[in-house]
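Here is a protein model to talk through, one question at a time. Have a look at the structure first, then we'll ask what backs up each label.

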Amino acid sequence: MVRYVYDFTEGGRDLAGLLGGKGSNLAEMTRLGLPVPPGFTLTTEACRAFLATGREPEGLWEEVSAHLSALEASAGRVLGQPDDPLLLSVRSGARFSMPGMMDTILDIGLNDDSVLGLAKVAGSDRFAWDSYRRLVQVFGSTVMGVDSSRFERSLALLKDLRGVEDDVRLTAADLAELVETYKNLIHLETGEHFPQSPAEQLRRAVLAVFESWNGERARVYRRREHIADDLGTAVNVQRMVFGNLGADSGSGVAFTRDPATGRPGLYGDYLPDAQGEDVVAGIRNTVPLAELERLDATSYDRLRAYMRTLERHYRDLCDIEFTIERGTLWMLQTRVGKRTAEAAFVLAAELADEGLITPDEALARVSGEGLARLMFPRFDVSATGTVLARGVPASPGAAVGAVVFDSAEAVRRAAAGERVVLVRQETTPDDLPGMIAAQAVLTSRGGKTSHAAVVARGMGKVCVCGAEELTVDTGARRLTAAGGTVVEEGTVVSVDGTAGAVYAGSVPLVDSAVIRFLEDGRGDEGAQGLVDAVTRALARADSVRRLEVRANADTPEDAARARRFGAQGVGLCRTEHMFLGERRKLVERMILAQSDAERDRALAELLPLQRHDFIGILEAMDGLPVTIRLLDPPLHEFLPDHTELAVRIATAQARGGKPDPHDVELLTAVNRMHEENPMLGLRGVRLGLVVPGLVTMQVRAIGEAVAERLLAGGAPEAEIMVPLVGDVRELRLVREEVRRVLADVSQASGVDVDCPVGTMIELPRAALTAGRIAEEAEFFSFGTNDLTQTTWGFSRDDVEAEFFSAYLDKGVFPTSPFETLDREGVGRLVGIAVAEGRATRPDLKIGVCGEHGGDPDSVHFFHAAQLDYVSCSPFRVPVARLEAGRAALEETEGSDSR
């Protein structure tokens, strides 16, 4: 029989898939002897069974009852006992942390009778009624489906009537009145009464937590964090401990190191006379954790000792929730803490220096995505304008956007292409869509452990919390700064998540310290620790990776920059980019040529220009391979737009004049060359076979550039790549032409010019016939952008605008297949082409030059698929280097702070 319930004394962190992250870590702390309130966990298997059938799995409630009886026996009290009630919390706990996205219900067991017993035992009527008020409010909204805003309005109205701003100033009589208001509201909205049976409360709360796995905000968060939908959540049932019993009680959240910077020290927030949800909700402003030493030195010292124990045990940054109940410290949760990209690199280096982790583990704990964030620009602090406010620097970075005051408006404006900053007094889980859409999040309440801070940090969003100087009026859709400056919705502000500052207007950007170091080795005194950590991670990645990393570069400047970033060659040089600007006129002449002689003259003028470009790129990459792709796009892309030409001609005629003969000639050519689907038309290798002289000109330019570099004492390594090959016979014809031209160049220059000839694999037929194509190709390079389009039958420009968002929302794609390689479809074609190509030619060099070459997840696939290199934009080269190293350490444990 399947077992569905485990006591905290029975599990451990190795059972995270079964007990969820929270349950497994509670069990781990229990095993370590830390003070954890006793309880038990309902497994993720129970959740999956319930969600699949809509009813409790057989035997579940018998197990719950047995564990509840044991908990009651150890406590010496019964759930909801009228004179001295045992009270329980019911909390979600999925395998991966989803802060605030699922449900939690506290104070289970309180009713009209037991609230009086709790008041007597606790010696505080106010505490008892406040606890009961919290239960009815949360149970009513979470379990019984009443809109939470109805409860909030009732609470706000009562505070207005009593003339108080804070919940803590309401009396016991006020709270008792509020409980009755809440119960009447529930009955009015649902037709049900708030359940007085503690057993019914517990059962319904457990099932509500199970159901919250499929809530909208949980689904949105899972899509954003790439968490599978079929994992389910565990439920943790735990004896309540109370932080709201007076000045000697309180709740807090702590980190063993700063989650924003990685620096060692005690970081976190504490709130006296409060429950844990008050801390993370940001409803009341917290005090720094260090203040606890003054308030309760004994608990502070114990907490520090427990934090040291946990960090050394987990060998990582730990995020801890705790409650102090009348001087007694209780540990309520720990997990590997979410951190910023900066903190991830600094922390990995420091833990390696301390001997807690190995250099390989340090590499596994950082990511290419994080490195990319560190390479983004920062604000130019010398050019900042008016400071509107300062707050807690909760998640670093620089963001500029128009102020909006609710999630829906953030989503609407972002969908229209506008950059926005979401401003709230404090965020709730319902704000998640707006947080995803926004460039930054700004709140007037809360600290580094508030909901806004934790979620923004996990997503890599810029965030400033607790900007108390701001008065945020969401109803009027404006904020007011301390100096009286009013900022209306739509006004642009700049948010500095590193400094915790908010500026009026758009502040100019400068290169980050990391990008400056990668560019020219210049240090930045204020960021030396971060730069050193990044340098160490890249060095370790370079020492263990098998994949080479090249760059896509079309100019000598791009090639030189890529080399500074660590590129080991150019994997894609797009020759069509050399035909733009002033040279477009020469291409027009080639297209409009009425005879071979005219075409040859146009090509002859293009040849020295192309040769000069190739010389510059080969010089920048001297001694490293440069893969040059022959012309790929359709020729009509080099002609003016059809509509623009037609309007010019029609306007001239309407004015009684004569249209420019050249415009007429161009329009005729555009009409002649029009294609219904240019992506699948006359382009790539087909151009080379149909347009006389084109391949000859380009290959001669390459060959002469190689010869010139050889004669200058260089070491050029040009490779010629033929695009869009679908059949080996196409490649054979072009290769014969290449060999002929290079032989001519060798004879004329007096040096041996030998360039390998290969092809892009970007059509399914090419992948499926790779064995035949390898008879002629000396290397393959996967053009995964077009291979994705032709495999899926997509036109990228059309589908991304038309329906990709709907596909992502409906879960058809976990991510766009143009961002992360589709392993099941496109990936399978890659695997076939690699196997069949190397079966024909064992020494076949194989790489990838699509955008996927710089995508972290795709790099891991290419490593496993036995490619030789990836190629990406110069900016992504450090990212690809790092991920290639991490891919080589696939079995090494990283920091999964999800």
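A disulfide is a pair of cysteine sulfur atoms within 2.5 Å. This is a predicted model, where local features need pLDDT of at least 70 and side-chain atom pairs count only at pLDDT 80 or more, while totals for chains, interfaces and linings use all residues. Residues are numbered from 1 along each chain as its sequence is written, and side-chain values use heavy atoms, with hydrogens and water left out.

Q: Why is Cys755 not in a disulfide?
A: The closest cysteine sulfur, in Cys573, is 13 Å from the sulfur of Cys755, so that's too far for a bond. A search of the whole structure turns up zero disulfides.

Q: What about Cys849: why is there no bond there?
A: Its closest cysteine sulfur belongs to Cys872 and is 11 Å from the sulfur of Cys849, which is again too far.

Q: What makes Cys755 and Cys849 count as buried?
A: Buried means under 20% relative accessible area (exposed is over 50%, partly exposed is in between, with a 1.4 Å probe and protein chains only). Cys755 has 1% and Cys849 has 4%, so both fall under the 20% cut-off. Across the protein, buried residues make up 56% of the 898 residues.

Q: Why is the protein called as compact as a globular protein of its length?
A: The radius of gyration is taken over C-alpha atoms, and the globule rule is 2.2 Å times the number of residues to the power 0.38. The protein has 36 helices and 31 strands. For 898 residues the rule gives 29 Å and the protein has 33 Å, which is close, so the label fits.

Q: What makes a group of residues a nonpolar core?
A: It has to be a set of buried Ala, Val, Leu, Ile, Met, Phe, Trp, Tyr and Cys residues joined through side-chain atoms within 4.5 Å. The largest one here has 124 residues, and Phe780 is one of those that touch the most other members. Apart from it lies another core, of 61 residues, with Leu60 and Val206 among them. In soluble globular proteins, nonpolar side chains tend to be buried together.

Q: Why is helix 19 described as largely enclosed?
A: Helices (H or I, at least four residues) and strands (E, at least two) are DSSP runs, numbered from the N terminus. Helix 19 covers residues 513-520, and six of its eight residues are buried, so the rest of the structure largely encloses it. Its buried residues include Ile515 and Leu518, and they pack against helix 15, helix 20, helix 21 and helix 36.

Q: How do you know that strand 14 and strand 21 pair?
A: Two strands pair if DSSP finds at least two bridges between them. Strand 14 and strand 21 have five, in the antiparallel sense, so they pass. One of the partners is Ser494 in strand 21, opposite Val400. Strand 14 is also joined to strand 15 by three bridges, and these two run parallel.

Q: What makes strand 12 and strand 13 edge strands?
A: They belong to an open sheet of eight strands, in the order 12-22-21-14-15-16-17-13, with mixed pairing. Strand 12 (387-390) and strand 13 (392-395) each have a single partner strand, so one side of each is left without a neighbour in the sheet.

Technical notes. Contact = heavy atoms within 4.5 Å.
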